[in-house]
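Welcome! Here are some short exercises to help you find your way around a new protein. Try each task with the structure in view, then follow the worked solution.

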Amino acid sequence: MVLMSRFDLRALFDLVVPLECAACRHPGTRWCTRCDRALRRLARPARVEVPVGVSTWRTLPVWAWGAYAAPLDSVVTAWKDDGRRDLSRLLAPLLAQSIHRATDGSGDRPTSGSAPGARPWLLVPVPSSRASVRRRGDAPLMGLLAQALTEPAPATTGALRLVPALTHQRVVVDQSRLGTERRRENLSGAMGVGARWLGCVEGRRCVVVDDVVTTGATLSEAARALLEAGASDVEAAVIAATPRRFGPGSGRPPP
Ligand SMILES: [Zn+2]
């Protein structure tokens with residue numbers, strides 16, 4: 001058996017996977033300073049609203065770090081679909097900021113915030129479909145969320161606990177090929193809280209976590225499933241929202 005040094009392995013990896021920026025394909029680096037500057041300009045912390053199909057709830061507050069535009073869209077695609085899981089290091093701090101805002105009392109419902117003695121917020125990732133786990137070989141959001149939990153949190157952030165409670169209760173097709181209405185039809189009633197997590201979710205405050213909010217159909221369905229399982233409060237946190245969600249009437253400006 002031939003032992004290889006870390007240097008040799010890195011050189012081998014670079015031969016197999018060309019060393020290039022995840023967004024602009026600039027050679028010689030995995031993430032270039034120009035794209036990094038462009039990424040920082042997308043920071044636009046905001047709370048946007050997504051309708052929820054539950055009679056007592058009209059909208060779900062969704063906290064986003066920034067706008068889903070270039071170069072962030074390329075980074076998310078490379079991370080999720082092209083196997084560049086190393087980009088979690090770049091994305092985790094952005095997701096962490098949204099999670100902290102969802103749990104630090106910035107919301108206007110009385111159950112929000114991190115009151116002394118309050119039980120931890122449950123962080124619930126949206127589930128990956130079996131087809132996407134098969135295609136990608138893993139559920140990248142779980143790894144990203146675990147990494148986001150290691151980011152330093154402000155003192156105002158409530159305690160957090162990762163709980164993969166949601167599952168698909170039936171087969172759904174790939175959302176990316178569907179329009180807004182078809183996405184809602186595809187997901188309506190599709191998610192549920194797994195039997196082993198029911199006691200854990202009941203009466204608890206939950207933050208649904210996803211990478212990006214586009215139409216809001218996925219987050220809406222996740223919130224419905226958690227509320228119907230007895231969650232007392234649900235908010236959502238994502239890395240980014242599509243730019244149209246920052247338009248007039250689509251959300252509150254950042255405080
Ligand atoms: Zn670049």
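A residue is called buried if 20 or more other C-beta atoms lie within 10 Å of its own, and exposed if 12 or fewer do. Keep in mind that this is a predicted model.

**Exercise 1. A covered helix**

Task: Work out how much of helix H9 is buried, and how its length compares with the expected span.

Solution:
- Start with the extent of the helix: H9 covers residues 217-228, which makes 12 residues.
- Next, apply the cut-off for burial. In H9, 11 of the 12 residues are buried, so the helix is mostly covered.
- Now look at which residues these are. Among them are the nonpolar Leu219, Ala222 and Leu226, but Thr218, Ser220, Glu221 and Arg224 are buried too.
- Then check the length. From first to last C-alpha, H9 reaches 17 Å, close to the 16 Å expected at 1.5 Å a residue.
- Finally, step past the end of the helix: Gly230 follows H9 and has a positive phi, near 105°.

**Exercise 2. One face of a helix**

Task: Find where the buried residues of helix H6 lie around its axis, and what they pack against.

Solution:
- First list the buried residues of H6, which runs from 140 to 148: they are Pro140, Leu141, Leu144, Leu145 and Ala148.
- Seen down the helix axis, these residues fall within an arc of 130°, so they line one face of H6.
- Last, look across from that face. The partners include helices H3, H4 and H5, along with strands S3, S4 and S7.

**Exercise 3. Into the core**

Task: Locate the largest nonpolar core relative to the two domains, and follow the contacts of Val208.

Solution:
- Begin with the size: the largest nonpolar core has 70 residues.
- Val62, Leu95, Val124, Val207, Val208 and Leu226 have the most contacts inside this core.
- Domain 1 (8-41) and domain 2 (45-252) both contribute residues, so the core lies between them.
- Now take Val208. Leaving out residues up to four places away in sequence, Val208 touches Val124, Val126, Leu219, Ala222, Ala223, Leu226, Val234 and Ala236.
- Link this to the first exercise: Leu219, Ala222, Ala223 and Leu226 are among the buried residues of H9.

**Exercise 4. Far in sequence, together in space**

Task: Compare separation in sequence with distance in space for Ala67 and Ala78.

Solution:
- Ala67 sits in strand S2, and it counts as buried because it has 20 C-beta neighbours inside 10 Å.
- Ala67 is 174 residues from Ala241 in sequence, yet their C-alpha atoms are 5.2 Å apart.
- Ala78 belongs to helix H3 and is buried because it has 22 such neighbours inside 10 Å.
- Ala78 and Ala22 are 56 residues apart in sequence and 6.3 Å apart from C-alpha to C-alpha. Ala78 also contacts Arg84 and Leu87.
- For the whole protein, 73% of the contacts with a separation of 6 or more join residues 24 or more positions apart.

**Exercise 5. Unusual backbone spots**

Task: Describe the backbone at Pro71 and at Arg25.

Solution:
- Pro71 lies in the loop between S2 and H3. The peptide bond from Ala70 to Pro71 is cis, with omega near 5°.
- Arg25 is in the loop between H1 and H2. Its phi is positive, about 65°, although Arg25 is not a glycine.
- Arg25 counts as exposed because it has 11 C-beta neighbours inside 10 Å.

Notes: Residues numbered from 1 in each chain as written. Predicted model: local features only at pLDDT ≥ 70, side-chain atom pairs only at ≥ 80, totals over all residues. Arc of directions from axis to C-beta. Helix = DSSP H or I, 4+ residues; strand = E, 2+ residues; numbered from the N terminus. Contact = placed C-beta atoms within 7 Å. Core = buried A, V, L, I, M, F, W, Y, C linked by C-beta atoms within 7 Å. Domains from an automatic or database assignment. Expected span 1.5 Å × (residues − 1).
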